[in-house]
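Below are my notes on the model you sent. They are numbered so that you can reply point by point.

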Amino acid sequence: MVIILFGPPGSGKGTQSILVAEKYNLMHISTGDVLRAEMELDSELGLAAKSYVQQGKLVPDDLIINMLMALVNNLDKNKKGVLLDGFPRTVSQAEALEQNFAQFGKKIDLLIDLEVGYQELIDRMLLRGEQTGRIDDTLETIKKRLQVYTDQTIPVKTYYQQLNKYLSVNGIGEIDTIFNQISSHIDKLK
Ligand code: ADP
């Protein structure tokens, strides 16, 4: 099973991904978490990514696609599949994923979109910035990330809608309520 958890920055993908990965025994791959770990280590990839992340821009597709493919092609055999969180974020990334999976006889089952309005997203990320000091959770960078989402990431929705693999969930409400809605979409796949 391969599920994509999709949505704007601040929509709660990370929170929900942890719950979904646990419930369905999926390997959780968060490109944002991997990048933050690499930046912490000052690795080659971390250093290459840092200025983009800090400015609220996307890390270039070639870097991200190589990073992601290395992860998905090296899956934990005890897991029942993969939960992608923060990838794909551009149509090129979606196409690369599709091509790579086709080679290995794998396919994406579903993209679930967490829908949250603009002001709520800003409020959530400002709060997270205060609580965690995340370098990209400042007002200016948050606005830039939302603009990048509109320009470069929204087209990924259309891509999966055309493949009939798109479903959405209201991302405002109790964590458990949202999780139950996501779960009911996944349960229909079985
Ligand atoms: P959020 O969804 O709240 O923006 P993430 O942790 O998913 O948080 O991502 C943080 C940053 O990492 C993004 O703003 C971007 O710079 C980079 N990043 C994460 N995933 C990708 C991706 N698939 N392609 C390009 N850049 C990415």
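1. Which polar side-chain atom lies 3.0 Å from an oxygen atom of the ligand? It belongs to Lys13. Please keep in mind throughout that this is a predicted model, so the distances and angles below are computed from predicted coordinates.

2. Two further polar pairs involve nitrogen on the ligand side. Gln93 places a polar side-chain atom 2.9 Å from a ligand nitrogen atom. With Val59 the partner is a polar backbone atom, 3.0 Å from a nitrogen atom of the ligand. The ligand exposes 540 Å² when taken alone, and the protein buries 96% of that area.

3. As for location, the largest pocket is where the ligand sits. Its surroundings comprise 20 residues, with Thr31, Arg36, Lys57, Gly86 and Gln93 being the closest. Gln93 thus appears both among the closest residues and in a polar pair with a ligand nitrogen atom.

4. The make-up of this shell may be of use when you set up charges. By class, 8 of its residues are charged, 7 are nonpolar and 5 are polar. Which element gives the largest share of the shell? Helix α2, residues 31–41, does so with 4 residues.

5. On the overall fold, the chain contains 5 strands and 8 helices. Read from the N terminus, the order of elements is β-α-β-α-α-α-β-α-β-α-α-β-α. The radius of gyration is 16 Å, close to the 16 Å that the globule rule gives for 190 residues, so the chain is as compact as a globular protein of that length. The C-alpha trace spans about 40 × 40 × 30 Å along its principal axes.

6. Two backbone features deserve a look before any preparation step. The first is the peptide bond between Phe87 and Pro88, which is cis, with omega at about -5°. Pro88 is found in the loop that runs between β3 (81–85) and α5 (91–103).

7. The second is Asp42. Although Asp42 is not a glycine, its phi is positive, at about 55°. Where does this residue lie? Asp42 is in the loop between α2 and α3 (44–55); α2 is also the helix with the largest share of the shell around the ligand.

8. To recap the ligand site, the polar pairs described above involve Lys13, Val59 and Gln93, and the ligand occupies the largest pocket with 96% of its area buried by the protein.

Notes
Residues numbered from 1 in each chain as written. Predicted model: local features only at pLDDT ≥ 70, side-chain atom pairs only at ≥ 80, totals over all residues. Heavy atoms only, no water. Near = heavy atom within 4 Å. Polar contact = N/O pair within 3.5 Å; in protein donor to acceptor, adjacent residues only side chain to side chain. Areas by Shrake-Rupley, 256 points an atom, 1.4 Å probe, with all protein chains shown as cover. 1 Å grid on protein atoms, 1.4 Å probe; cavity = no way out; pocket = protein on both sides within 12 Å on 5 of 7 lines; lining within 4 Å. Sits in = over half its atoms within 2 Å of the grid points. Helix = DSSP H or I, 4+ residues; strand = E, 2+ residues; numbered from the N terminus. Nonpolar A, V, L, I, M, F, W, Y, C, P; charged D, E, K, R; others polar. Rg over C-alpha atoms; globule rule 2.2 N^0.38 Å.
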